[in-house]
Amino acid sequence: MNVTVIIPAAGRSTRFNQAAPDPVGRSKIEQNLAGKPIFLRSIELFLNRPQVGTILLAVNPDEVDAFRLRWGDQLGFHGVELIPGGKVERWETVQLALKRLPADATHVAVHDAARPLTPAAV
């Protein structure tokens with residue numbers, strides 16, 4: 001089994017930013033959760049699992065370069081590939097990520113970047 005994990009993170013955090021605007025302008029997934037950004041906590045759910053061969057983090061296509069500048073070193077350290085997602089709907093982000101699957105992927109898992117507290121059993 002060779003699982004590719006797609007982590008959609010292309011949302012604009014509109015409701016979150018209205019409720020709790022960040023003075024630095026960080027998105028919901030970049031907020032600190034116990035010393036790390038939320039998206040990285042979500043990625044950690046899949047690290048060190050022998051079934052997982054590839055992790056794709058799909059971010060807003062207009063912010064790929066800025067996101068890479070802020071977080072590229074940490075993503076690279078974990079072997080996560082940063083890719084552009086969709087602009088409007090989550091399904092567009094997943095569809096674009098599916099086009100980036102490695103040829104040897106046998107399974108795909110999709111996990112929202114803003115859901116870092118999923119139990120390991122799930």
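The following exchange concerns a predicted model and selected local features of its residues.

Reader: Which residues make the nonpolar surface patch of about 220 Å²?

Author: The model carries a nonpolar surface patch of about 220 Å². One of its members, Val110, lies in strand E6, which covers residues 107-110. The residues that make the patch are Leu98, Val108 and Val110.

Reader: Is Val110 buried, partly exposed or exposed, and at what relative accessibility?

Author: Buried requires under 20% relative accessible area and exposed over 50%, with partly exposed in between. Val110 has a relative accessibility of 46%, so this residue of the patch counts as partly exposed.

Reader: What is the geometry of the aromatic pair formed by Phe39 and Trp71?

Author: A pair of aromatic rings is described by the distance of the centres and the angle of the planes. The count for the model comes to 2 aromatic pairs. In the pair of Phe39 and Trp71, the centres lie 5.3 Å apart and the planes meet at 75°. Planes over 60 degrees apart count as edge-to-face, and the geometry of Phe39 and Trp71 is accordingly edge-to-face.

Reader: How many residues apart in sequence are the parts that the pair of Phe39 and Trp71 ties together?

Author: Phe39 and Trp71 are both buried. Phe39 belongs to helix H2 (residues 38-44) and Trp71 to helix H3 (residues 64-77), so the parts tied together by the pair are separated in sequence by 32 residues.

Reader: Which residue joins Phe39 and Trp71 in one aromatic cluster?

Author: Phe39 and Trp71 form an aromatic pair. They also belong to one aromatic cluster, and the residue that completes it is Phe67.

Reader: With which residues is Thr54 in contact, leaving aside its neighbours within four places in sequence?

Author: Thr54 is placed in strand E4, residues 52-59. Its relative accessible area is 18%, so Thr54 is buried. Leaving aside neighbours within four places in sequence, the contacts of Thr54 are Val3, Thr4, Val5 and Pro102.

Reader: What is the phi of Ala34, and where does this residue lie?

Author: Most residues other than glycine have a negative phi. Ala34 is exposed, with a relative accessible area of 67%. Its place is the loop between strand E2 (32-33) and strand E3 (36-37). Although Ala34 is not a glycine, its phi is positive, at about 55°.

Reader: What is the phi of Asn48?

Author: Asn48 is found in the loop between H2 and E4. With a relative accessible area of 81%, Asn48 is exposed. This residue is not a glycine, yet its phi is positive, at about 60°.

Key: Residues numbered from 1 in each chain as written. Predicted model: local features only at pLDDT ≥ 70, side-chain atom pairs only at ≥ 80, totals over all residues. Heavy atoms only, no water. Patch = residues over 30% accessible without salt bridge, like charges linked within 9 Å, V, L, I, M, F, W, Y side chains within 5 Å. Areas by Shrake-Rupley, 256 points an atom, 1.4 Å probe, with all protein chains shown as cover. Salt bridge = Lys/Arg side-chain N within 4 Å of Asp/Glu carboxyl O. Helix = DSSP H or I, 4+ residues; strand = E, 2+ residues; numbered from the N terminus. Buried < 20%, exposed > 50% of the residue type's maximum accessible area, 1.4 Å probe, protein only. Phe/Tyr/Trp six-rings, centres within 6.5 Å; stacked < 30°, edge-to-face > 60°. Contact = heavy atoms within 4.5 Å.
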